[in-house]
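The following exercises are to be worked through with the sequence and the structure in view. Each task is followed by a solution in steps.

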Amino acid sequence: MRHVNCELNGLRDAGEFAYRGITTDADPTDSLESLSPAEQAKNIWTWSGYDGIHDDSCEEWWFHNPSGKWSKNERARETE
Amino acid sequence: MLGLLTHKFRQLTHNSAVLPETPEKINAEYDIVIIGGGGHGLACAHYLAKDFFAENIAVFEKGYLGGGNTARNTAIIRANYITPEGVAFYRESMKLWRSLASELGINLMYSVRGHLTLAHSDGALRTMRWRAEVNKQCGVDSEVIDRETLADICPELSLSSHTRHPIHGALWHPDGATARHDSVAWGYARAAAKRGVEIHQQTEVTSITPLDDGRFQITTPRGTCIAKKVVQAVAGYSCRVAEMVGLWLPLRIVPLQALVSVPVKPYLDPIIVSGSLHLYIWQTQRGEFVIGGATDPYPIASTRSTHEFKTHVIDNILELFPQLHTLKAMRQWAGITDVTPDFAPLMGKTSLPNYYIDSGWGTWGFKATPISGKTMAETVATDKTHPLISSFGLDRFTDFALLGERGAAAVGQ
Ligand SMILES: Cc1cc2nc3c(=O)[nH]c(=O)nc-3n(C[C@H](O)[C@H](O)[C@H](O)COP(=O)(O)OP(=O)(O)OC[C@H]3O[C@@H](n4cnc5c(N)ncnc54)[C@H](O)[C@@H]3O)c2cc1C
C-alpha cells in the first residue's frame with residue numbers, strides 16, 4: 001500500500017489524497033480573488049503533468065481530502 | 001511459364017507482412033519530420049504522402065512501431081461523445097475506420113459490437129439523454145434505453161436490484177466497434193513507406209533546436225538532421241518533447257492500466273462501460289475478456305501494473321457479471337497517457353511556426369487515429385488549421401474556451 005505524507009495527519013493511504021501537480025506550477029493555496037482571470041484559469045486548469053524522472057528534485061502538491069489540508073511532498077517518481 | 005506469371009501476379013498484389021526497414025542512415029535534411037511512430041504519427045505520414053503528395057518525410061520512433069499506447073490500448077472505437085466538436089470529429093473517424101482495412105490492405109479485424117454505457121443513477125441518465133441528443137444532432141446513432149431493452153441487447157448482464165449500484169438504463173451506441181490495434185500501426189507504416197516515407201525505428205529524438213531561418217535541427221543518437229516542419233505525436237512523452245522547443249503543454253501524464261483474461265467461448269457481444277464503477281469490458285474474437293478502468297490518480301514514469309487496479313476492476317466486474325467469478329486474469333499492463341484538463345485533444349499549430357502538435361489523446365486516442373492523421377496532414381501541408389480540429393488548439397486554455405468532454409471520455413475510452 002502506498003502512503004503519502006499529510007502535514008496534519010502524517011503518513012496516510014494514498015487513496016485519501018488528490019494529486020495536484022508540481023510545486024513550480026500554480027499554487028493551489030493562492031486565494032483566487034487576488035488573481036487576474038488569466039492567472040485564475042492557469043491556477044485551476046493548466047498545471048502540468050511533468051512526466052518522467054527529472055534530475056532536479058521536484059516537490060508536488062497533494063491535497064488530503066479528509067482533512068482539507070495541502071501538503072508538499074517529494075516522491076520517487078520512478079517507482080511510486 | 002504459368003507458374004512464373006502467377007508468381008509475378010502474387011508479387012504485385014500481395015501486401016507483404018514485412019514491416020518497412022529502418023534506412024541505414026539519417027539524411028541531412030527533410031521537409032517534414034514526424035516524432036513518434038505510433039498510430040497517430042504514422043497516419044499523419046501516410047495522409048501527407050497520399051493526400052498531399054508530400055515528399056522527403058521521415059518518422060523517428062524511439063522504440064518500435066506502435067510500441068507506445070497504440071499497441072497497449074483496449075481498442076474501443078466509438079463516436080458518442082458529449083461536445084458537438086468532439087462528436088463531429090469522432091464521427092468522421094468512424095467513417096474512415098469502415099474502409100481503412102481496404103485502404104491500407106491489412107486485416108484490422110474491425111468488428112462492430114455496439115457500445116453500452118450503463119447508468120446507475122437518475123443523474124447519470126440525465127447526462128446520457130443530453131449526450132444522446134447531441135449525438136443525434138451531429139448524425140451519430142445513439143439513444144437512451146431502459147432496463148428491458150438493455151436485457152434484450154445484453155442478457156448476460158446482471159440487472160438485479162440487490163447490488164450496490166443497480167442499473168437504471170443505458171446509453172446505446174450501435175456503431176461502437178473494436179479493431180486490432182497493432183495492425184493499425186503496421187498498416188499505416190507500410191502504406192506510408194510504399195509512398196516513400198522513411199521510417200526510422202530505434203531513433204529517439206533527444207533535442208530539437210529552432211534555427212533562425214525557421215527550420216529545426218533535430219538530434220538523435222543515430223545522427224542529426226535539419227527539418228523544415230516538425231510534428232510531434234508522442235502521447236505520454238508530449239510534455240518532455242515540447243519542452244525541447246520551449247513549449248509548455250497543460251497535460252497530466254498518468255498511467256492507464258488494463259488486463260485481459262484467459263480465452264473462453266464467445267459469450268459477450270457488446271462493449272460494456274460503467275463510468276460510475278470505473279470500468280469497461282468486452283470480449284475479443286479470440287475469446288479473451290479485455291477489462292479496463294480509469295487512469296492512476298497521479299503521474300509515475302513507469303508502466304508497472306498494480307494490485308489495487310486489478311482488485312478494484314475485478315470487484316466491480318463481478319457485480320455486473322457474477323457468473324465470471326471463475327474466470328482467470330492472464331495479463332495486465334499499462335501505458336503512459338497524456339490527459340488534458342477538459343478531456344479533449346490538443347492538436348494543430350503552435351506558437352512556434354512550422355511546429356505542430358498531435359497530443360492530448362489520454363485514454364481515448366486510438367479511435368481518433370485515422371481522422372487525426374488526416375486532419376493533421378492537411379494542417380501541416382497547408383499550414384491552415386483543419387476546421388474539424390479548430391477547437392482543439394492550445395489557445396483554448398488561455399481563451400477560456402475549454403471543451404468539457406470529461407463526462408463522455410473519463411472512463412469509456
Ligand atoms: C491501457 C490503455 C487503454 C486504452 N484504450 C483505448 C481505447 O479503448 N480506445 C481509444 O480510443 N483509446 C484508448 N487508449 C488511448 C490510446 O491508446 C492512445 O491515445 C493512442 O494510442 C495514442 O496514439 P499515439 O500514436 O499518439 O501515441 P503512441 O502510440 O504512444 O505513440 C507515440 C510514440 O512516440 C514515441 N516517442 C516518444 N518520445 C519519443 C522521442 N523523443 N523520439 C522518438 N519517438 C518518441 C514512443 O516510443 C511511441 O511509440 C488507451 C490507452 C491505454 C494506455
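A residue is near a molecule if one of its heavy atoms lies within 4 Å of it. The model is a predicted one.

**Exercise 1.** Determine which residues come nearest to the ligand, and how the residues of its shell divide by character.

*Solution.* Step 1: there are 38 residues around the ligand, and those that come nearest are Glu61(B), Asn69(B), Thr70(B), Thr74(B) and Lys367(B). Step 2: by character, the shell around the ligand consists of 16 nonpolar, 17 polar and five charged residues.

**Exercise 2.** Describe the distances between polar atoms of the ligand and Gly68(B), Thr70(B) and Thr363(B), and state how much of the ligand the protein buries.

*Solution.* Step 1: consider the oxygen atoms of the ligand. One lies 2.5 Å from an N or O atom in the side chain of Thr70(B). For Gly68(B), a backbone N or O atom is 3.5 Å from an oxygen atom of the ligand. Step 2: consider nitrogen. A polar backbone atom of Thr363(B) is 3.3 Å from a nitrogen atom of the ligand. Step 3: the ligand taken alone exposes 1,000 Å², of which the protein buries 98%.

**Exercise 3.** Explain why the ligand lies between two domains of chain B.

*Solution.* Step 1: in chain B, helix H2 (39-52), strand S13 (252-261) and strand S17 (329-339) are the elements that give two or more residues to the shell around the ligand. Step 2: residues of the shell come from both domain 1 (21-72 + 182-250 + 342-408) and domain 2 (112-176 + 252-339) of chain B, and therefore the ligand lies between them.

**Exercise 4.** Locate Gly365(B) in chain B and decide whether Gly365(B) is buried or exposed.

*Solution.* Step 1: Gly365(B) is found in the loop between strand S19 (355-359) and helix H9 (369-382) of chain B. Step 2: buried means under 20% relative accessible area. Gly365(B) has a relative accessible area of 9%, so it is buried. Step 3: Thr337(B) is 28 residues from Gly365(B) in sequence, and their C-alpha atoms are 9.5 Å apart in space.

**Exercise 5.** State how many disulfides the structure holds, and examine Cys44(B).

*Solution.* Step 1: over all chains, the structure holds zero disulfides. Step 2: Cys44(B) is in no disulfide, and the nearest cysteine sulfur, that of Cys225(B), is 16 Å away. A disulfide would require two cysteine sulfur atoms within 2.5 Å. Step 3: with a relative accessible area of 1%, Cys44(B) is buried.

Key: Residues numbered from 1 in each chain as written. Chains lettered and ligands numbered in written order. Predicted model: local features only at pLDDT ≥ 70, side-chain atom pairs only at ≥ 80, totals over all residues. Heavy atoms only, no water. Buried < 20%, exposed > 50% of the residue type's maximum accessible area, 1.4 Å probe, protein only. Polar contact = N/O pair within 3.5 Å; in protein donor to acceptor, adjacent residues only side chain to side chain. Areas by Shrake-Rupley, 256 points an atom, 1.4 Å probe, with all protein chains shown as cover. Helix = DSSP H or I, 4+ residues; strand = E, 2+ residues; numbered from the N terminus. Nonpolar A, V, L, I, M, F, W, Y, C, P; charged D, E, K, R; others polar. Domains from an automatic or database assignment.
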